[in-house]
Structure formats: structure tokens, C-alpha cells
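Subject: Structure for you to look at

Hi,

Here is the structure I promised to hand over. Please open it beside this email and follow along.

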Amino acid sequence: MHKMKKNILITGTSSGIGKALTNHYLEKGERVLGISRRNVPELSARGDYKHLQLDLYDFNAIKEKFPEFIKGISEFHLVILNAGILPPIADMKDTSIETIKNVMDVNVWSNKLLLDKLINESNHVKQVVAISSGASVNGHRGWNVYSITKAALNMFTLLYARENPGTHFTALAPGIIDTNMQEYIAGLKQDERFPSIDRLQSARGTEKMPSPEHGAGILAKSFETIKSHESGSFVDIREL
């Protein structure tokens with residue numbers, strides 16, 4: 001008897017955590033629907049991967065393309081809202097309103113469009129994990145609008161949990177994983193205003209900062225563990 005494949009939706013599948021999680025679930029024999037700005041031929045070549053090329057800045061494109069993408073799928077076992085952008089490390093006073101709006105649109109409001117459509121179109125979404133960050137609570141200098149958007153994502157997740165008691169929601173800080181974001185941080189000059197840069201640069205290449213592939217396995221296990229937490233909770237993986 002064949003096991004039923006689980007339908008898993010992941011945003012930001014072209015690199016980093018999103019790509020590694022996609023590979024992890026495909027290797028487990030699940031079906032993954034992925035969204036990212038760039039198509040990844042090695043993923044698209046796999047039979048159980050379906051890709052939607054979409055820029056999450058473009059709300060009109062989400063409204064036009066996403067409903068067709070999920071058409072006919074009655075249940076999602078897991079939705080991972082992973083896509084996000086990091087603006088330049090800088091003080092709030094040096095961060096423009098335009099940058100703040102752009103990052104907010106991708107890191108928070110694009111998820112609203114996706115979730116509203118998923119919840120309306122799909123018969124059932126079992127679990128939603130929004131990838132948050134320790135930056136949402138620690139307030140380190142320099143992380144400006146990234147911290148604000150991730151703090152907003154935490155509350156966004158809690159509010160959706162309250163509205164949808166049949167779905168388990170978590171805002172999860174995944175710890176530090178060696179992604180493109182860390183590549184950017186590794187290239188920054190040390191700045192005494194932003195001590196977190198030095199800490200992250202020192203962690204790179206050590207066990208404190210696993211590869212996306214290693215991190216994906218840890219995250220996938222944590223997605224099961226966090227079901228025991230109250231729906232809508234913010235959870236830091238380092239405290240599990």
C-alpha cells in the first residue's frame with residue numbers, strides 16, 4: 001500500500017533554507033509546491049516538485065497566479081512561509097521609508113495574500129510555520145526594519161492562529177544558518193556600532209552556523225516538536 005504524499009508549500013525555494021527544505025521533503029517522498037523569484041532547474045526536474053516563479057513584491061501577480069497554482073489541492077499538510085529579505089545593516093535614521101515599505105511588503109504582507117487564498121481555496125491547512133528571527137525580539141542595533149518586520153510577523157502569526165483554530169501556527173526563529181544572508185554579512189566591514197556583525201562573522205564556518213542542508217533536517221524535526229506549543233506562539237529553535 002502506497003503512503004499518501006503530503007502536500008507541502010514553501011516560499012523562497014531558490015536558495016538557502018527554502019531550497020534545502022524542498023530537497024529534504026522531496027527525498028522523504030512528499031510533494032512540494034515552491035515559490036521563488038528564480039526557477040531552479042534541478043528542483044523542477046523532479047516529478048514531485050511544482051514551481052511558481054513569482055516576485056513577492058508583486059501583489060497583483062500573487063493574486064493572478066497563486067489561485068491557479070494551488071487549484072485542486074484539498075489539503076496542505078505544511079505551509080512554510082520562508083521567503084524574506086534583509087535590507088542593508090544600518091541605523092533606523094539612515095533607512096528610508098521606501099525601504100521600510102518594500103521589506104514590509106515581502107516579509108509580512110505577501111504572506112497575508114498567500115494565507116488568505118490558501119485558507120479560502122483549500123479545504124484544510126494543517127500547519128503553518130512562518131520563519132521569523134531572533135532579531136524580532138533582541139533589538140540589536142543595525143537590523144532596523146528586518147527586526148520590525150519579523151516582530152510584526154510574530155503578531156501576524158498569532159492573529160491568524162486565533163482566527164483559524166483548525167490550523168496550527170508557529171513563528172519560528174531558525175537559529176543562524178549559512179545562507180545568502182550570512183554571505184552578505186560576512187562581506188561587511190567591522191563596525192563598532194553593530195557588534196552583532198562581528199559575532200555572526202565569527203560563527204561562520206563553525207558548528208554554530210550549520211549549512212542549509214544540515215539545518216533543514218534540524219528544522220524539519222522542529223516542525224513536529226512545535227506542534228506541542230500553543231498555536232500562534234513565537235518559538236526560538238535554540239530553546240527547544
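Below is what was found in it, starting with the sheet and ending with the cores.

One caution before you start: this is a predicted model.

**The sheet**

Begin with the strands. Seven of them, or 7 in digits, make an open sheet. Their order is β3-β2-β1-β5-β7-β8-β9, and the pairing is parallel. At the edges sit β3 (49-53) and β9 (233-236), each with a pairing partner on one side only. On average, neighbouring strands are turned by 20 degrees against each other, direction ignored.

Now look at one pair. Strand β1 (residues 7-11) runs parallel to strand β2 (residues 31-36), and 5 bridges join them. Ile10 has Gly34 in β2 as its bridge partner.

**Helices on the sheet**

Helix α3 (residues 59-69) packs on the sheet and touches β1, β2 and β3. Its direction makes about 170 degrees with that of β3. Helix α6 (residues 144-163) lies across β7 (127-131), β8 (168-173) and β9. Against β8, helix α6 runs at about 165 degrees.

**Aromatic rings**

How many aromatic pairs are there? The count comes to 4. Take Trp143 and Tyr146. Their ring centres are 5.8 Å apart. Their planes meet at 55 degrees, so this pair is tilted: stacked would need under 30 degrees, and edge-to-face over 60. Both Trp143 and Tyr146 are buried.

Tyr160 and Phe169 form another tilted pair, with 6.4 Å from centre to centre and 40 degrees between the planes. Are these two residues buried or exposed? Buried means under 20% relative accessible area. Tyr160 has 8%, so Tyr160 is buried. Phe169 has 1%, so Phe169 is buried too. Ring pairs also link Phe156, Tyr160 and Phe169 into a cluster.

**The cores**

Nonpolar side chains tend to be buried together in soluble globular proteins. Here the largest nonpolar core has 30 residues. Which of them touch the most other members? They are Leu9, Ile35, Phe66, Phe76 and Leu118. Elements giving two or more residues to this core are β2, α3, β5 (78-81), α4 (97-121), β7 and α6. Helix α4 gives the largest share, 6 residues.

Find Leu9 in the viewer. Leaving aside neighbours within four places in sequence, its contacts include Leu33, Ile35, Phe66, Phe76 and Leu118.

There is also a second, separate core of 24 residues. Among its members are Ile8, Leu26, Leu78 and Val129.

Best wishes

Terms used. Residues are numbered from 1 along each chain as its sequence is written. This is a predicted model: local features need pLDDT of at least 70, side-chain atom pairs count only at pLDDT 80 or more; totals for chains, interfaces and linings use all residues. Side-chain values use heavy atoms; hydrogens and water are left out. Two strands pair if DSSP finds at least two bridges between them. Helices (H or I, at least four residues) and strands (E, at least two) are DSSP runs, numbered from the N terminus. Axes are lines fitted to C-alpha atoms, for helices over the stretch in contact, and angles run from 0 to 180 degrees between N-to-C directions. Contact means heavy atoms within 4.5 Å. Rings of Phe, Tyr and Trp (its six-membered ring) pair if their centres lie within 6.5 Å; planes under 30 degrees apart count as stacked, over 60 as edge-to-face and the rest as tilted. Buried means under 20% relative accessible area, exposed over 50%, partly exposed in between (1.4 Å probe, protein chains only). A nonpolar core is a set of buried Ala, Val, Leu, Ile, Met, Phe, Trp, Tyr and Cys residues joined through side-chain atoms within 4.5 Å.
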